[in-house]
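Welcome to this short tour. Open your viewer, get the selection tool ready, and follow along stop by stop.

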Amino acid sequence: MKYIKHYQCTECEAFYPPDKVMNLCPLDGRPVQMVVDVERINKDYPAMSWYHPHINNMWRFGPLLPFDICSHEPDVCSLGEGHTPIINISDYALCKHLGLDVYLKEEGQPHAGYGANPTGSFKDRGMAVVTTMARHYGLKKLVVPTQGNAGDSLSEYGAKYGVHVAVIMPDDTPMPILGKVAAYSLQSPGISLDLVKGTIREAAALMKEKYLPKGYFNCATFQEPGWRIEGKKTMGLELAEPWPNLKADWSLPDAILYPAGGGTGILGMWKAFDELQKLGVIDDKRPKIIAVQSAANCPIVTAITQNLPDTIATNGGDTIATGINVPGGVGHKAVLAIIRQSGGGAIAVSEQQIAQHTKQVYQHFGVWICPEGAATVAALTQAKAQGLLKPGQKIVCFNTGSAEKYLPNIRALFSPKLEG
Ligand SMILES: Cc1ncc(COP(=O)(O)O)c(C=O)c1O
Ligand SMILES: [Zn+2]
């Protein structure tokens, strides 16, 4: 925590001391984030010695995270998350047809020579920091309402690091995710699972009623004070760092297509770019941020299309991309501002397109991407038609998880037809 100056509200910019835990900004109910003392890091770590490329996980960015793993390893809770590969998918039929150079940031499955997200989704980045910070502040009981992956992840870290975790998720969460947390709740006395009808919104309502009065710390998206943002920041840092065999320098792609739910990843990556610029590693040029959602539930797309200052809450929708089936969020206002500032956009894709690319990316590359990741690939067509993408640009699609976690919901995509 040596290089965390303070917490700061993303809306009113009020400061809060880093020695106390908090949730949302008490002045306006918006998310806060951790402000890193980049100037001091530059002084204390000359010649980019903050960068530890030999560390095979997201903690390779040393003091840009709350604890530098090289000097404070016992303070860090890590199960090997992050440092995921970037795969060139430009010879995928759709990319070839569009004439676009596209790379997939692959968060789902382990790949030799890289780190690996222990529960098969990018949520592990955020939850590694949440668990680290919970231990730092002496918090023993955490609660998380979730669309699934975040709960899977936090229960894994909680079980491994002895922190109690209450997970609340929709009862139609894909069975591999739900079943994994349910199994943990049977094995580990500190882990519990509640199911609700609806989405993460109903899960949050149950959290308030059942767990907050019992002293559980609120780890819902953006309610923990910027810790998940710090974890997801590492996705932006990894986009910027040199990519083996693809680029030798620190630089950013031209566009990022990201499956947006609450939007933590967008805030995190944007924060990464600002910090790298302050460190003098990159210039002020930013990628276009393109948020992708299912047409079944797309509050961010509606707000961008209708030029609204904030999203209007929905009731969720019927989508196989359950991770992004988020009805609204306290961070959406900041997400919309970033999309606009970047000159990016927001795109809704159909369920049929999501299913098609979940299957076809597997057929072509043997990478079992999740429906949310497939949505970003599907969105390339519209993004190009809207003038957001051009041939010759470096474009990154985010695959945020593994299809394995969505079976049996997507079983039909991979099942042979029965005869007769
Ligand atoms: C697989 C997957 N992709 C994307 C998201 C959206 O993440 P964010 O909160 O960064 O918008 C989620 C979150 O719930 C998810 O589980
Ligand atoms: Zn505020």
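Helices (H or I, at least four residues) and strands (E, at least two) are DSSP runs here, numbered from the N terminus. This is a predicted model, where local features need pLDDT of at least 70, side-chain atom pairs count only at pLDDT 80 or more, and totals for chains, interfaces and linings use all residues. Residues are numbered from 1 along each chain as its sequence is written, chains are lettered from A and ligands numbered from 1 in the order in which they are written, and side-chain values use heavy atoms, with hydrogens and water left out.

**Stop one: a loop with a cis bond.** Select Pro408, in the loop between strand E13 (394-399) and helix H14 (411-414). The peptide bond leading into Pro408 from Leu407 is cis, and its omega is near 5°.

**Stop two: a positive phi.** Now go to the loop between helix H1 (38-44) and strand E4 (86-88), where you will find Ala47. Ala47 is not a glycine, yet its phi is positive, near 55°.

**Stop three: the zinc ion.** Select ligand 2 next. Which residues hold the protein donors of the zinc ion? They are Cys9 (SG), Cys12 (SG), Cys25 (SG) and Asp28, which is listed with OD twice, at 2.3 to 2.5 Å from the ion. Donors are N, O and S atoms within 2.8 Å of the metal (3.2 Å for Na, K and Ca); water is not among the atoms, so sites may look incomplete. Along the sequence, the donor residues follow the spacing C-x2-C-x12-C-x2-D. Cys12, in the loop between strand E1 (4-9) and strand E2 (15-16), and Cys25, in the loop between E2 and strand E3 (32-36), are 13 residues apart, a pair that links distant parts of the chain.

**Stop four: ligand 1.** Select ligand 1 and show its surroundings, counting a residue as near if one of its heavy atoms lies within 4 Å. Of the 17 residues around ligand 1, those coming nearest are Asn149, Tyr258, Gly261, Gly263 and Thr400. Strand E10 (255-259) and helix H8 (264-278) each give at least two residues to this shell.

Finally, look for polar contacts (pairs of N or O atoms within 3.5 Å). Oxygen atoms of ligand 1 lie 2.9 Å from a polar side-chain atom of Thr264, 3.1 Å from one of Lys232, and 3.3 Å from a polar backbone atom of Gly262.

Notes:
A polar contact is a pair of N or O atoms within 3.5 Å; within protein, one must be able to donate a hydrogen and the other to accept it, and residues adjacent in sequence count only if both atoms are side-chain atoms.
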